[in-house]
Amino acid sequence: MKLLVIAALLAVAAARPQDPAYDPAEELRAAGIVRMDMVQNDDGSFQYGYETAGEGQESSQDVSGRPEQIGEEVGIVSQGTYSFVAKDEDGNEVPVTITWRAGPEGVVMEGAAIPVAPEDPNKAAQDAAYAAAAGAGDF
């Protein structure tokens, strides 16, 4: 993996314009990227993130993760947030932020923009039926 990253960095450096006034950060800012970072540690843990700017185009993401023993295998447990601007039904800009984590329990996402299923209108009747059946010895 490190060899791949080094090869990619060398390719980028070789392709870089040779103008001494060239500023790669300026190129990123012109594309709307105001922050971009990544850290890969020797223990396999990592962090990365970015942030963009622009009228109605703002977005960001931050993620961190680490290897963890999950049963007999090693998997990556990670968590993060992402944000962007969406339009509501009236065309108004609405900021959206989602927080998530992924691990042995699966992916869990939280945020006001995630729909919530309505409560089952038959739940009370089903619970009563199960309780009556259990009381009758059918289970």
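How many bridges join strand β5 to β6? Five bridges do, and the two strands run antiparallel. This answer comes from a predicted model. The report starts with the whole sheet and then follows its strands.

**The sheet**

Six strands build an open sheet. Their order is β1-β2-β3-β4-β5-β6, with antiparallel pairing. The edges are β1, residues 33-40, and β6, residues 106-110. Each of these edge strands pairs on one side only. From one strand to the next, the twist averages 15°. In general, strands of a sheet pair through backbone hydrogen bonds, either parallel or antiparallel.

**From β4 to β5**

Strand β4 covers residues 73-87. Ten bridges pair β4 with β5 in the antiparallel sense. One opposite pair here is Phe84 and Val96, the latter in β5. The two strands form a hairpin, with five residues between them. Gly91 lies in that turn and has a positive phi of about 85°.

**From β5 to β6**

Strand β5 spans residues 93-103. With β6 it forms a hairpin that has two residues between the strands. Gly103 has Gly106 in β6 as its bridge partner. Ala102 stands opposite Val107, again in β6. The edge strand β6 pairs on one side only.

The table lists residues that face each other across these strand pairs.

| Residue | Partner |
|---|---|
| Phe84 | Val96 in β5 |
| Ala102 | Val107 in β6 |
| Gly103 | Gly106 in β6 |

Conventions: Residues numbered from 1 in each chain as written. Predicted model: local features only at pLDDT ≥ 70, side-chain atom pairs only at ≥ 80, totals over all residues. Heavy atoms only, no water. Pairing = 2+ DSSP bridges. Helix = DSSP H or I, 4+ residues; strand = E, 2+ residues; numbered from the N terminus. Axes fitted to C-alpha atoms, helices over the stretch in contact; angles between N-to-C directions.
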